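Biologist: Could you take me through the sheet in this one, with whatever packs on it and the loops around it? I'd like a close look at that single part.

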Amino acid sequence: MKFRYAMVCSSNQNRSMEAHSLLKKQGFEVSSYGTGAHVKLPGPSLREPNVYEFGTPYKHMYDDLRRKDSELDGMSKGGSIVKFLFDCVVLANGSNSYRRNGILAMLKRNATVKLAPQRWQENALDGVFDVVLTFEEKVFDMVIEDLHNRDQVLLKAVLVINLEVKDNHDEAAVGAKHTLDLCQEIEKAESWEESIDEIITGFENKYRRKLLYSVSFY
């Protein structure tokens, strides 16, 4: 492959890792990151997410949430009062199991791709990328702002593209396939700088999905 790619979402868990996993299997030189202050996963309610620091191994998160699943299973088998509390948790969360809602499977997949989630703003030692894919406009803006705030000493162009993808497992899988197709088209080009408008237009016509893109520099 001619280019180095980075996949970026908020927590480096679902959308960026789905794309990272797929591109890695196809032989791309690819990394992935999150832009949030912390890594957040669904919790007992929208106001109570499971929060971890970047750099926490996916295996640790998997073990932690699997333990919490076991505690919920114990509640479901308790007496009437405990069972009532369990049912309240289920109603608040929409699911009584991190296994059933796909979080454990996602973490298990992530652990086969790399050790732990990484933060985009702390990746200077990872070298430069040719193409950065984001999956949310807010993340796209944060990546561009971060690149603009760095010392641009190499004057090497980096293409930043946003493909808006909803943060759920099904949409992440579709988004990863579309990302792979887009990156394959970029790889075919002699120079993305000269071909990017044509590549973007072709992608948008094929999938009926709008892309944002910008060129920054290292």
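Modeller: Helix α6, residues 169–188, lies across β1, β5, β6 and β7, and runs at about 150° to β6. Keep in mind that this is a predicted model. The sheet under that helix is an open one with five strands, ordered β2-β1-β5-β6-β7, and its pairing is mixed. β2 (29–34) and β7 (211–217) sit at the edges with a single partner strand each, so one side of each has no neighbour in the sheet. On average, neighbouring strands here are turned by 20° against each other, ignoring direction.

Now look further in. β1 pairs with β5 (residues 131–134) in the parallel sense, over four bridges, and Met7 stands opposite Leu133 in β5.

Another helix to look at is α1, which lies across β1 and β2 and runs at about 170° to β2. Its buried residues are Arg15, Ser16, Met17, Ala19, His20, Ser21 and Leu23. Just after α1, Gly27 takes a positive phi of about 90°.

Then there are the loops. Most residues other than glycine have a negative phi. Asn12, in the loop between β1 (4–9) and α1 (15–25), has a positive one, near 55°. Asn12 counts as buried because its relative accessibility is 0%, and the cut-off for buried is under 20%. Leu155 also has a positive phi, near 55°, and lies in the loop between α5 (137–149) and β6 (157–163). Leu155, though, is exposed, with a relative accessible area of 63%.

Note on methods
Residues numbered from 1 in each chain as written. Predicted model: local features only at pLDDT ≥ 70, side-chain atom pairs only at ≥ 80, totals over all residues. Heavy atoms only, no water. Helix = DSSP H or I, 4+ residues; strand = E, 2+ residues; numbered from the N terminus. Buried < 20%, exposed > 50% of the residue type's maximum accessible area, 1.4 Å probe, protein only. Pairing = 2+ DSSP bridges. Axes fitted to C-alpha atoms, helices over the stretch in contact; angles between N-to-C directions. Contact = heavy atoms within 4.5 Å.
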